[in-house]
Amino acid sequence: MNQKAPASDVQLVSEVRGTVRIRRRGEREWHVAQCSFGDEHDNNQNVTWLRLVNPGRQTTIRIHLKWAEFRHMDLRRIAYVRQGETYGIVRAEAVTPTTSTFDVAVPGGESLFGAFPWYSNADGEQFLERVHTQSSGCTLRSIGTSGDDRPIQCLTIDTEAQGSGGPKGNVVVIGRMHANETCGSWAIEGATDFLLGDEGRDIRDRYVFHLIPIVNPDGAANATKLTRMGPVAQHDMVQGGVTSDDPTIKALRDELYRLQPVALISHHCYLLSVPFLGVFEKQVGLTLLDELVWPHSPRGSAAWMLRFTGPEAKFIRHECFKRFGTTVVFTELPWQGRLPNDIAQMGADILRATMIAHEAKSGRHHY
Ligand SMILES: [Zn+2]
């Protein structure tokens, strides 16, 4: 044994409890199986985020990732790595009807690997604290507490308007109603940075913005889609939005009824590559496309899918549209090789486009 090359001492540890089963299959080969949370959780976007601990020099390991849900295997070809603050992608070597195989270059020290970048409650708190301390006009508050007593943190940006007169409308931007869809948190980081930068000065002074990077902190703690295990009518923040008495869902509903937002953006994530925009008003959708589609906005995606959505009973976004005339935009921002910075840029672009659509609709033309 001593004559052979030293065995790899790489260790794989799940960063998020209860999401995977890890089994070593060879010297540099692991089998990682995602846990299924039951049909109500959909399981298409289950979280896998592993810490790779390598006490030696850089080496390449093979990870067979067995998904919890097998309906869309053609969309299971990309995984993510993170070293320090830098993210990268890994393309699958092979995809079987259940499993994608990735060869991952593991540097010495610690790095991370997974199906898509993970964003925890601690990441959200860090971001909000940083913005809150660095920028004036920002208030950090909780809109209520979750079933497991976690605060639902909201950053409110309310700068002094220069002689605008009249009360300012509220704009609400939320991520992680489905807590496993992590891109929403980065979209809100991007929207926040946009608002607090030079580009955002105009609209920052005309509205009060409420940004909620993780609206479902219990789901984020357990890496599940819903607020907890149980029926969707009770614990899915979208499907139970108007009727459920789940504490997280009720807290968001009460806050939206109180704020009566003029605009509401809710970020989601699905597996398809093309990003999605959902709206209730045709002209809002057309203005969004005009602002977001390349080449008008070269930072955006080359293509967007747009859906004009009819009435949605029990969905809080449609209730806001119906009750308050809210300009509503909901998204699916897919990973599929996009990096967190790309998603953040999309979050900024979507906020900007939504406000243009809202102001066009309400007859304001100076933005
Ligand atoms: Zn979703």
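A crossing of two helices is left-handed if the near helix is turned anticlockwise from the far one by less than a right angle, and right-handed if clockwise. Keep that in mind, everyone, and thanks for coming. What you have in front of you is a predicted model, in which local features need pLDDT of at least 70 and side-chain atom pairs count only at pLDDT 80 or more, while totals for chains, interfaces and linings use all residues. Residues are numbered from 1 along each chain as its sequence is written, and side-chain values use heavy atoms, with hydrogens and water left out.

Let's start with helix α9, residues 340-361; helices here are DSSP runs of H or I with at least four residues, strands are runs of E with at least two, and both are numbered from the N terminus. α9 has 22 residues and spans 31 Å from first to last C-alpha, close to the 32 Å expected, where the expectation is 1.5 Å times one less than the number of residues. Of those 22 residues, 16 are buried, meaning under 20% relative accessible area with a 1.4 Å probe and protein chains only. Just after the helix, Gly363 has a positive phi of about 80°.

Now for its partner, α2, residues 183-196. The two axes come within 7 Å and cross at roughly 60°; axes are lines fitted to C-alpha atoms over the stretch in contact, with angles from 0 to 180 degrees between N-to-C directions. Why call the pair oblique? Because angles under 35 degrees count as roughly parallel, over 145 as roughly antiparallel, 65 to 115 as roughly perpendicular, and the rest as oblique. And the handedness I opened with? The crossing of α2 and α9 is right-handed.

Who touches whom? With contact meaning heavy atoms within 4.5 Å, the α2 side includes Trp186 and Phe194, and the α9 side includes Ile343 and Arg352. By class, this contact has 11 nonpolar, two polar and one charged residues; Ala, Val, Leu, Ile, Met, Phe, Trp, Tyr, Cys and Pro count as nonpolar, Asp, Glu, Lys and Arg as charged, and the others, Gly among them, as polar. Phe194 has 8% relative accessibility, so it counts as buried.

A quick stop at helix α8, residues 316-324. Its buried residues are Ile316, Arg317, His318, Glu319 and Cys320, and they pack against α6, β15 and β18. Gly325 follows α8 with a positive phi near 70°.

Last, Leu140 in strand β11. Leaving aside neighbours within four places in sequence, Leu140 is in contact with Leu128, Glu129, His132, Cys154 and Leu155.

Notes: Buried < 20%, exposed > 50% of the residue type's maximum accessible area, 1.4 Å probe, protein only.
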